[in-house]
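Me: I should like to go through the terms used for this model and ask what justifies each of them.

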Amino acid sequence: MARQKRRRPMAEINVVPYIDVMLVLLVIFMVTAPMLSQGVKVELPRTASEPTPQSEAEPLVITVTASGDYHINLGADPEQVLAAEALALRVAALRQLNPETPVYLRGDRTVPYGKVVAVMALLQNAGVEGVGLLTEPLE
């Protein structure tokens, strides 16, 4: 009698270790994501607008609080209050280093319109050609 060859099943990939790694990464991202948002708490106006396009460069965010103080999202202390002149100097220096950096303005909804326009003029004098205005989406 001829001996029959036994057919071996195809090798299977064990995906359990990959799932474990994925879950560990998920937990790491969930823990670190709230720490990444820095800045000053402001009540943004709510509008029905499109989200801003994503870019490669980290955006520069200027914040005008309800009390009219200026803040910038860079440096060791993003909650440090800046004078208008200091803000203009920092923005001009940052734009010279990387002119492609997008600039966004966050203004509290209770800030007078004149304060926001003053910051926009300040940014224009610092060499910023376009400023994005940040808002909250309608819910």
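Reply: Let us begin with a cut-off: a residue is buried when its relative accessible area is under 20%. The model is a predicted one.

Me: What makes both faces of E2 covered?

Reply: In a regular strand, side chains alternate between the two faces of the sheet. On one side of E2 lie Leu60, Ile62 and Val64, and on the other lie Val61 and Thr63; all are buried. Each therefore falls under the 20% limit, and five of the five residues of E2 are buried.

Me: Why are E2 and E4 said to pair?

Reply: Pairing requires at least two bridges found by DSSP. E2 and E4 have five bridges, in the parallel sense, so the requirement is met. Val103 in E4, for instance, is the bridge partner of Leu60.

Me: How do you know that E2 is joined to E3 as well?

Reply: Three bridges link these two strands, which run antiparallel; the minimum is two, so they too are paired. Thr63 stands opposite His71 of E3. The two strands form a hairpin with five residues between them, and Gly68 in the turn has a positive phi of about 90 degrees.

Me: Why is Val119 said to touch Ile62?

Reply: Contact means heavy atoms within 4.5 Å, and Val119 touches Ile62, Val64, Tyr70 and Leu105, leaving aside residues up to four places away in sequence. These pairs therefore have heavy atoms within that distance.

Me: Which residues touch the most other members of the largest nonpolar core?

Reply: Among its 18 residues, they are Ile62, Ile72, Leu87, Val91, Val119 and Leu123. H3 gives the most to this core, with four residues.

Note on methods:
Residues are numbered from 1 along each chain as its sequence is written. This is a predicted model: local features need pLDDT of at least 70, side-chain atom pairs count only at pLDDT 80 or more; totals for chains, interfaces and linings use all residues. Side-chain values use heavy atoms; hydrogens and water are left out. A nonpolar core is a set of buried Ala, Val, Leu, Ile, Met, Phe, Trp, Tyr and Cys residues joined through side-chain atoms within 4.5 Å. Buried means under 20% relative accessible area, exposed over 50%, partly exposed in between (1.4 Å probe, protein chains only).
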